[in-house]
Amino acid sequence: MMKVSAILATKGKRVITIGQEKSIKDAVSLLREHNIGALVVTDDAGGMLGILSERDIVRAAATVDNPLAQPVSQVMTTNVITCRPQDDLEAVANTMTEKRFRHLPVEDKDNLIGVISIGDVVKVQRDKYRGEVYTLEMQIME
């Protein structure tokens with residue numbers, strides 16, 4: 001059974017964050033700079049307040065005249081679902097699919113230690129299946 005910690009072990013635990021008072025323009029710059037799809041929104045002490053995804057920004061663009069000038073706090077998702085390093089990847093993938101989001105902060109004892117994406121989860125599952133196929137092919141050839 002694969003765990004979230006397997007993704008963090010290869011991906012790393014770096015989390016790109018932004019303050020809630022920053023503008024959406026600042027957020028878009030960070031997303032582009034780091035080639036990512038979401039930012040964790042934190043308070044001055046580093047505590048998680050929410051998450052800001054590309055999808056949140058698109059929603060704001062559809063409803064606000066000047067979305068880039070909006071503060072992150074007005075656009076971010078505040079009801080953030082998180083996972084833990086020991087969580088099963090299949091369960092995490094199901095949660096992400098059912099709740100229709102692509103980024104999931106990882107917390108350990110209330111400390112933010114990473115963010116995983118649906119792409120990270122799919123890659124690990126793909127690699128696992130490739131390994132299983134290779135093993136079966138080797139068994140057949142023996």
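Here is a short walk through this structure, from the whole chain down to one residue. Keep in mind that the model is predicted.

Let's start with the overall picture. The protein has 142 residues, and 35% of them count as buried. Along its principal axes, the C-alpha trace spans about 65 × 35 × 25 Å. If you scan the chain for regular elements, you will find 6 helices and 5 strands. Following the sequence from one end to the other, they appear in the pattern α-β-α-β-β-α-α-α-β-β-α. How do contacts link parts of the chain that are apart in sequence? Among contacts between residues at least 6 apart in sequence, 55% join residues at least 24 apart.

Next, look for the sheet. Three of the strands are arranged in the order β1-β2-β3, making an open sheet with mixed pairing. Which strands stand at the edges? They are β1 (17–19) and β3 (48–53); each has a single partner strand, so one side of each is left without a neighbour in the sheet. On average, neighbouring strands here are turned by 35 degrees against each other, direction ignored. You can zoom in on one pairing as well: β1 and β2 (residues 38–42) run parallel and are joined by 3 bridges. To see a bridge for yourself, find isoleucine 18, whose bridge partner in β2 is valine 41.

Now turn to the open spaces. The largest pocket holds about 310 Å³ of space. It is lined by 15 residues, and the closest to its centre are Ile51, Ser53, Thr77, Arg100 and Phe101. The elements that give two or more residues to this lining are β3, α3 (54–63) and β4 (103–108). So β3, which you met at an edge of the sheet, turns up again in the lining of the pocket. Which element gives the most to the lining? That is α3, with 3 residues.

Finally, let's visit a single residue, aspartate 87. You will find aspartate 87 in the loop between α4 (72–75) and α5 (89–99). Is aspartate 87 buried or exposed? Its relative accessibility is 18%, and because buried means under 20%, aspartate 87 counts as buried. What does its side chain reach? The side chain of aspartate 87 comes to 2.8 Å from the backbone nitrogen of arginine 84. Leaving aside residues up to four places away in sequence, aspartate 87 touches Met2, Lys3, Val4 and Val92.

Key:
Residues numbered from 1 in each chain as written. Predicted model: local features only at pLDDT ≥ 70, side-chain atom pairs only at ≥ 80, totals over all residues. Heavy atoms only, no water. Helix = DSSP H or I, 4+ residues; strand = E, 2+ residues; numbered from the N terminus. Buried < 20%, exposed > 50% of the residue type's maximum accessible area, 1.4 Å probe, protein only. Polar contact = N/O pair within 3.5 Å; in protein donor to acceptor, adjacent residues only side chain to side chain. Contact = heavy atoms within 4.5 Å. Pairing = 2+ DSSP bridges. Axes fitted to C-alpha atoms, helices over the stretch in contact; angles between N-to-C directions. 1 Å grid on protein atoms, 1.4 Å probe; cavity = no way out; pocket = protein on both sides within 12 Å on 5 of 7 lines; lining within 4 Å. Points joined across faces, edges and corners; volume = space filled by probe spheres on them.
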